[in-house]
Amino acid sequence: MQETTPLTAQQAQLLSQLVDGLSTEQLAWVRGFLAGINHSVRHAGAQAPAAGTGSAAAPQLTILYGSQTGHAQEVAEHAKARAVAAGFKVDLFAMGDYKASRLKNDKLLLVAVSTQGEGEPPDDARDFYEFLHGEKAPKLEGTRFAVLGLGDSSYEKFCQAGKDFDARLAALGAERLVARVDSDVDYDGPAERWIEETVEALKRVAAPAAAGKAGAADGFSLASLAGAVAPAAAASQYSRKHPFDATVLENLTLSGRGSSKEVHHIELSLEGSGLTYEPGDALGVVVKNDETLVDELIDTLALDPQATTTTQDSTLSLREAFLRAYDITTLSRAFLEKYAALAESTELKALLAAGNETALRDYLYGRDVLDVVRQFPVRKVKAAEFVGTLRTLQPRLYSIASSLAANPEAVHITVGAVRYDSHGRARRGVASTYLADVAREGETVPVYIEANRNFKLPSDSSAPVIMIGPGTGIAPFRAFVEERQALDAPGRNWLFFGDRNFRTDFLYQREWQRYVKDGALTKIDLAFSRDGEDKVYVQHRMREQGKELYAWLQEGAYLYVCGDADQMARDVNTALVDIVAEHGGLAQDAAAEYVKTLQREKRYQRDVY
């Protein structure tokens with residue numbers, strides 16, 4: 001039996017220093033790294049090169065990620081740690097930083113990519129996506145690859161970007177190491193299994209001798225361990241799985257009397273948490289379902305609310321599990337497929353049949369799990385059977401609306417409460433009404449920080465900044481201006497804000513007026529769509545100010561967009577291309593390329609949803 005070389009006193013001391021104070025997520029990275037080493041050590045005797053033959057060079061692996069919120073990047077970094085532990089030399093790239101010319105030479109390739117909007121890749125992945133699907137893409141015979149898609153099964157084009165990358169790489173002649181995995185919002189488990197299976201497949205096809213040597217020499221490399229932990233660096237023990245109970249300091253209604261919207265400004269204390277953030281980051285809120293909805297669902301199913309059920313993390317009563325652990329509001333094809341089997345419903349199965357996409361989409365809209373259970377009842381369903389149809393209740397992310405420099409040990413968010421009637425029932429947004437109604441002053445809310453690496457102020461504090469954020473999309477720009485004022489940044493700031501009515505929906509009106517008076521806000525342009533006969537939106541104000549907007553861009557301005565991805569972000573992008581074409585004297589194709597260049601240079605960033 002092969003034995004692991006024991007640590008020296010110095011190695012043990014260094015390792016203790018390295019892991020001391022790590023967050024739970026960082027420790028998970030260490031466990032993943034050591035798991036890979038442990039596997040290599042156990043198999044080193046069979047894989048070690050014969051004496052006198054010399055050691056094989058470490059096989060080269062390239063990992064690419066396309067990430068909008070950071071989840072695909074986290075998976076890619078974890079995969080790198082496991083691959084390094086298995087003896088591979090790993091190059092890790094955001095797709096936007098990857099030189100496509102090297103693709104033909106990268107013979108081992110892993111891809112982790114999220115999907116946004118209508119099945120589209122993340123902003124930072126668009127150029128590589130287009131290259132790969134274009135005529136200049138090389139033939140990839142001899143390349144081995146694996147793809148992990150991240151998405152949300154409640155959307156029609158679930159994990160479409162991952163599916164597209166997987167299909168195109170295969171069409172170019174590359175061979176799959178393992179089958180593509182499409183992971184839902186609770187991606188942790190599927191991602192971990194994909195990493196484990198992929199690394200095992202890599203070791204079978206690429207220089208196993210090098211993998212064996214990686215574990216046989218000294219037990220492990222402290223330098224590699226440090227590199228594996230580094231990407232998860234955070235200053236707090238609190239995370240998505242272990243949130244901090246933040247005390248609510250203030251919960252104010254921003255929208256005025258008579259508004260058709262209900263928007264709240266919520267301030268929470270981070271005192272004692274060690275949590276830090278930058279403008280552009282998001283606050284993750286661990287939510288719970290509406291108690292009335294939970295009780296109605298349990299009653300309709302005729303289940304015992306006190307019966308126990310086992311979740312991923314613990315054993316709970318059925319009522320607690322429905323409150324805190326499972327998503328009972330978002331309908332998806334995946335849920336209907338599982339429930340149709342339980343209900344033995346020919347009507348549901350027909351709805352799910354191929355060719356009925358439009359009817360299925362119409363059915364899913366405005367309904368929740370209770371609607372389905374009432375329409376298609378199951379006699380004597382067991383709790384475990386029904387729980388098996390549900391997916392995990394996920395935290396909700398809110399753009400942070402404050403600067404830590406201006407608000408030490410506190411964080412602010414801007415929340416639009418979702419309330420509407422559909423199919424004869426009143427509906428409530430899970431997170432938004434929880435925050436609006438339950439998160440009152442003195443109560444606590446479980447939170448964590450979700451870094452957004454793709455939405456950051458320029459490092460050059462003198463660079464001009466243009467911010468476009470209608471509705472609650474204004475939140476990160478409040479943080480941007482607070483930060484720049486707190487740090488005395490000399491750069492000019494220009495805000496485009498829009499909503500329905502000036503009188504009731506001008507969010508943070510007094511603050512913006514003060515910033516203009518103080519000079520912290522150089523320009524502000526407003527668009528209120530319901531105040532006149534013609535609807536005016538932020539993209540119209542952009543066009544009106546097109547000459548000056550283009551001049552700012554030519555002077556090095558950074559442009560940011562936050563808010564609705566389906567309409568607003570598309571319309572803003574179209575307006576931006578048109579402005580560049582008109583005032584830059586460029587053809588449409590050249591103007592579109594100008595805008596893409598802004599994105600490549602990180603001077604055009606979007607936080608859209």
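The following exchange introduces the architecture of this predicted model.

The model is predicted, so that local features need pLDDT of at least 70 and side-chain atom pairs count only at pLDDT 80 or more, while totals for chains, interfaces and linings use all residues. Residues are numbered from 1 along each chain as its sequence is written, and side-chain values use heavy atoms, with hydrogens and water left out.

Student: How many helices and strands does the chain have?
Tutor: Helices (H or I, at least four residues) and strands (E, at least two) are taken as DSSP runs, numbered from the N terminus. On that basis the secondary structure of the chain comes to 24 helices and 21 strands.

Student: What percentage of the 609 residues count as buried?
Tutor: A residue is buried under 20% relative accessible area, exposed over 50% and partly exposed in between, with a 1.4 Å probe and protein chains only. The chain exposes about 27600 Å², of which carbon and sulfur atoms supply 48%; such areas come from the Shrake-Rupley method with a 1.4 Å probe, and for residues only the protein chains shown count as cover. Of the 609 residues, the buried share is 52%.

Student: Which strands stand at the edges of the six-stranded open sheet, and why is one side of each left without a neighbour?
Tutor: Two strands pair if DSSP finds at least two bridges between them. The pairing in this sheet is antiparallel, in the order E12-E9-E16-E7-E8-E13. Each edge strand has a single partner strand, so one side is left without a neighbour in the sheet; these strands are E12 (396-399) and E13 (410-416).

Student: How many bridges pair E7 and E8?
Tutor: Strand E7 covers residues 244-253 and also pairs with strand E16 (residues 444-450) in the antiparallel sense over four bridges; there Phe 244 stands opposite Val 447 in E16. On the E8 side, Thr 253 has His 264 as its bridge partner. The antiparallel pairing of E7 and E8 has five bridges.

Student: At about what angle does helix H17 run to E12?
Tutor: Axes are lines fitted to C-alpha atoms, for helices over the stretch in contact, and angles run from 0 to 180 degrees between N-to-C directions. Contact means heavy atoms within 4.5 Å. Helix H17 (residues 430-438) lies across E7, E8, E9, E12, E13 and E16, and its angle to E12 is about 65°.

Student: Which strands are the edge strands of the five-stranded open sheet?
Tutor: The order of this sheet is E19-E18-E17-E20-E21, with parallel pairing. Within the sheet, four bridges join E17 (residues 465-468) to E20 (residues 558-563), and Met 467 has Tyr 560 of E20 as its bridge partner. The strands that pair on one side only are E19 (523-528) and E21 (604-608).

Student: By what angle are neighbouring strands of the five-stranded sheet turned against each other on average?
Tutor: The five strands pair in parallel. With direction ignored, the average turn between neighbouring strands of this sheet is 10°.

Student: Where does helix H23 pack on this sheet?
Tutor: The direction of H23 makes about 155° with that of E20. The strands that H23 touches are E17, E20 and E21.

Student: What is the handedness of the crossing of H23 and H24?
Tutor: The axes of H23 (residues 568-584) and H24 (residues 588-600) come within 8 Å and cross at roughly 115°. The contact includes Leu 576 and Val 580 of H23 and Ala 591 and Tyr 594 of H24. A crossing is left-handed if the near helix is turned anticlockwise from the far one by less than a right angle, and right-handed if clockwise. The crossing of H23 and H24 is right-handed.

Student: How far apart in space are Leu 487 and Ala 405?
Tutor: Leu 487 lies in the loop between H18 (475-486) and E18 (493-499) and is exposed, with a relative accessible area of 54%. Leu 487 and Ala 405 are 82 residues apart in sequence, and their C-alpha to C-alpha distance is 7.7 Å.

Student: What is the phi of Glu 409?
Tutor: Most residues other than glycine have a negative phi. Glu 409 lies in the loop between E12 and E13 and is partly exposed, with a relative accessible area of 46%. Although Glu 409 is not a glycine, its phi is positive, at about 60°.
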